[in-house]
Amino acid sequence: MARAQTARPEPYAAPALPRDNVKRLPPAPIRPVRKVEIPRTSQGFANLRRYTEPWLLPLVLLGLWYLGVERGWLSEQVLPPPAYVYQTLSDLITSGDLWINALASMQRVVLGFALGASIGVVLGAAMGLSRTVEDYLLPTFNALVQIPVLAWLPFALLVFGIGEPLKYVLIAKAATVPITLCTLQAFHQAPKGLLEVGRAYGFSRWQSVVGIVLPAAVPTLFTGLRLGFTKAWLSLVVVELVASSEGLGYLIVYGRQLFQLDLVMAAVVVVGAVGLLIDRGFDYVERRLNRGRPGTAGALS
Amino acid sequence: MSAVIAVSPGSRRYRGWVLPIAAIAIWWLASHQGWSQSGLLVSPEKVAVTAWEQITSDKFWRAICASLTRNLSGFFIGTSLGLVLGCLLGLSRHFERLVGPSFNTFKQISLFAWIPLISVWFGLGDVAKVAFLSLAALVPVVVNTCDGLRSVPPNLLEVARVYGFSRWQTIIGVMLPAALPSIFTGLYLALVYSWLATIGAEYLLVSGEGIGNTLIDGSEHFMMDLVLFAMVVIGLVGWSLNALARVCERRMQRLYGIAPR
């Protein structure tokens with residue numbers, strides 16, 4: 001009986017209980033958490049289902065969208081038919097407009113992010129390594145962080161004008177905040193035990209920073225960079241919506257002004273796709289970084 | 001540096017004030033010595049006077065109330081929908097397979113990219129703003145609720161099974177309390193995002209009144225004092241919302257006997 005119980009497929013790793021302990025428990029009514037008994041013959045069908053199920057909802061939505069426009073539930077002006085959006089998207093790609101605007105956006109976000117990331121890492125490291133710097137800077141930093149990027153926008157608009165510097169400054173600001181905070185946290189949560197070992201070996205301050213604190217800080221640091229890039233991408237769209245003459249955000253505003261919703265939707269799709277690509281890229285790098293590490297950042301602290 | 005080591009914790013608390021006070025002093029000097037002829041360099045006193053004028057005026061309080069009402073209604077709609085969706089995603093494998101990938105793609109679309117579409121679908125009024133705010137609050141709540149329910153420690157579930165808990169009992173008695181900290185993180189983020197989105201909605205869907213519109217007024221009339229005042233107010237409101245959320249979180253945690261994060 002006990003054997004049959006342990007052979008049952010577990011949806012999660014069961015903690016190893018001492019053998020005799022298990023035997024002494026009263027016979028609990030076993031309720032399967034989920035139905036997992038799939039007959040062998042329908043294994044292929046289950047596999048098929050696993051791959052097709054995610055596409056069901058998008059297809060239904062697309063069908064509804066198509067039907068809604070076809071039957072005239074909604075006017076074409078409010079919701080252009082999917083084929084039309086697809087047409088606009090392929091036009092954008094073939095005419096090269098998409099690349100020009102996407103490149104302009106990418107350049108802004110990458111430069112702004114690089115600027116923000118360098119400031120954030122330096123600031124975070126300075127505060128993380130020196131108590132004095134932290135005491136002087138952190139309260140002011142925390143106060144400024146409370147003001148969201150969008151509230152800085154009018155201020156920056158007045159100070160920098162509508163040119164490119166405005167975009168770089170705002171994107172950099174958006175990226176700096178999470179990167180600074182994560183760097184600070186990463187430096188603070190350096191493993192105490194390892195630092196102790198370092199002290200026992202007579203490490204200099206520099207040696208313990210490079211050899212112990214930095215390697216332990218990498219995952220948290222990376223989380224900060226990732227968050228920073230997401231924020232930078234978010235504020236890029238905002239800045240381009242408000243003030244720009246090229247870029248993906250500009251395409252959206254332009255389409256809105258001309259009431260060409262197909263253009264708006266095509267641009268939104270591109271923005272989403274780029275966001276997804278970036279997210280996947282970060283996911284990949286993060287997994288490579290964490291390979292061979294004992295657990296995630298939390299386990300190290 | 002050796003002198004610094006001996007500072008008492010009392011004097012360390014004042015160090016945080018050094019930078020802001022120095023900045024204000026330099027600002028004051030700059031505006032009074034006429035280092036810059038730009039009309040944008042307003043003096044600190046002018047900002048203080050503007051702030052006083054605004055605080056004593058009815059219009060300002062109406063704007064704040066309008067913004068807060070919008071913010072909170074969007075927050076409540078968004079978080080309630082988000083909690084339902086997050087629970088479904090976190091508890092049902094089947095639902096997760098059906099909706100999860102679509103939702104993950106959907107959330108990649110930059111929040112503000114929705115504004116032009118929302119403005120066509122819902123107009124520029126309060127409906128559009130609240131719809132946008134709900135969207136802003138929805139995403140973090142769904143993500144964190146779902147994550148929290150998924151990462152319930154397996155040994156807790158094992159105990160529940162040993163005691164013969166029904167599925168419903170397991171959810172109410174084990175999974176929800178264990179997921180509570182993560183759910184709170186989601187709510188917390190939703191509050192931050194919805195305040196950001198309130199400003200964004202007022203900024204990009206210009207109509208009606210709100211603190212974001214005060215900001216735009218200042219920007220359009222080149223009144224730096226008004227811009228600075230509105231920025232400070234936005235920061236203060238955001239900070240108070242955060243503080244409020246933290247107090248609620250601690251209350252709830254004590255209620256459930258969970259160690260604070």
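This briefing walks through chain B, its helix packing and domains, and then its contact with chain A. Please keep in mind that the model is predicted. Chain B has 11 helices and zero strands, and it joins chain A through a contact that takes 48 residues from chain A and 49 residues from chain B.

**Overall form of chain B**

- Reading along the sequence, you will meet the pattern α-α-α-α-α-α-α-α-α-α-α in chain B.
- The C-alpha trace of chain B spans about 80 × 60 × 30 Å along its principal axes.
- Chain B has a radius of gyration of 24 Å, whereas a compact globule of 261 residues would have one near 18 Å.

**Domains of chain B**

- The domain assignment splits chain B into domain 1 (1-41) and domain 2 (43-256).
- Taken over C-alpha atoms, the centres of domain 1 and domain 2 of chain B are separated by 34 Å.
- Seven residues of domain 1 of chain B are in contact with four residues of domain 2 of chain B.
- On the domain 1 side of that contact in chain B, four residues are nonpolar, three are polar and none is charged.

**Helix α9(B) and its partners**

- Helix α7 (residues 126-150) of chain B and helix α9 (residues 167-204) of chain B have axes that come within 7 Å and cross at roughly 155°.
- An angle over 145 degrees counts as roughly antiparallel, and therefore α7(B) is roughly antiparallel to α9(B).
- The crossing of α7(B) and α9(B) is right-handed, and their contact has 17 nonpolar, eight polar and two charged residues.
- Helix α9(B) also packs with helix α11 (residues 224-256) of chain B, at an angle of about 165° and with the axes 10 Å apart.
- This pair, α9(B) and α11(B), is therefore roughly antiparallel too, and the crossing of α9(B) and α11(B) is right-handed.
- From α9(B), the residues that meet α11(B) are Pro177(B), Leu180(B), Phe184(B), Leu187(B), Tyr188(B), Leu191(B), Val192(B), Trp195(B) and Ile199(B).
- Facing them from α11(B) are Ile234(B), Val237(B), Gly238(B), Leu241(B), Asn242(B), Ala245(B), Glu249(B), Met252(B) and Tyr256(B).
- By class, the contact of α9(B) with α11(B) has 15 nonpolar, two polar and one charged residues.

**Where chain A touches chain B**

- On the chain A side of the contact with chain B, the helices that each supply at least two residues are α3 (43-70), α6 (131-145), α7 (149-160), α10 (205-242), α11 (248-257) and α12 (261-290).
- Helix α12(A) gives the largest share of that side of chain A, with eight residues.
- The residues of chain A on this side divide into 37 nonpolar, five polar and six charged.

**A helix pair within chain A**

- Helix α9 (residues 192-200) of chain A and α10(A) have axes that come within 10 Å and cross at roughly 150°.
- Helices α9(A) and α10(A) are therefore roughly antiparallel to each other, with a right-handed crossing.
- In this pair, Leu194(A), Leu195(A) and Gly198(A) of α9(A) meet Ser208(A), Gly211(A) and Ile212(A) of α10(A).
- The contact of α9(A) with α10(A) has three nonpolar, three polar and no charged residues.
- Helix α10(A) also appears among the helices that supply at least two residues to the side of chain A that touches chain B.

How values were computed. Residues numbered from 1 in each chain as written. Chains lettered and ligands numbered in written order. Predicted model: local features only at pLDDT ≥ 70, side-chain atom pairs only at ≥ 80, totals over all residues. Axes fitted to C-alpha atoms, helices over the stretch in contact; angles between N-to-C directions. Helix = DSSP H or I, 4+ residues; strand = E, 2+ residues; numbered from the N terminus. Parallel < 35°, antiparallel > 145°, perpendicular 65-115°, else oblique. Left-handed = near helix turned anticlockwise from the far one by under 90°. Nonpolar A, V, L, I, M, F, W, Y, C, P; charged D, E, K, R; others polar. Domains from an automatic or database assignment. Contact = placed C-beta atoms within 7 Å. Rg over C-alpha atoms; globule rule 2.2 N^0.38 Å.
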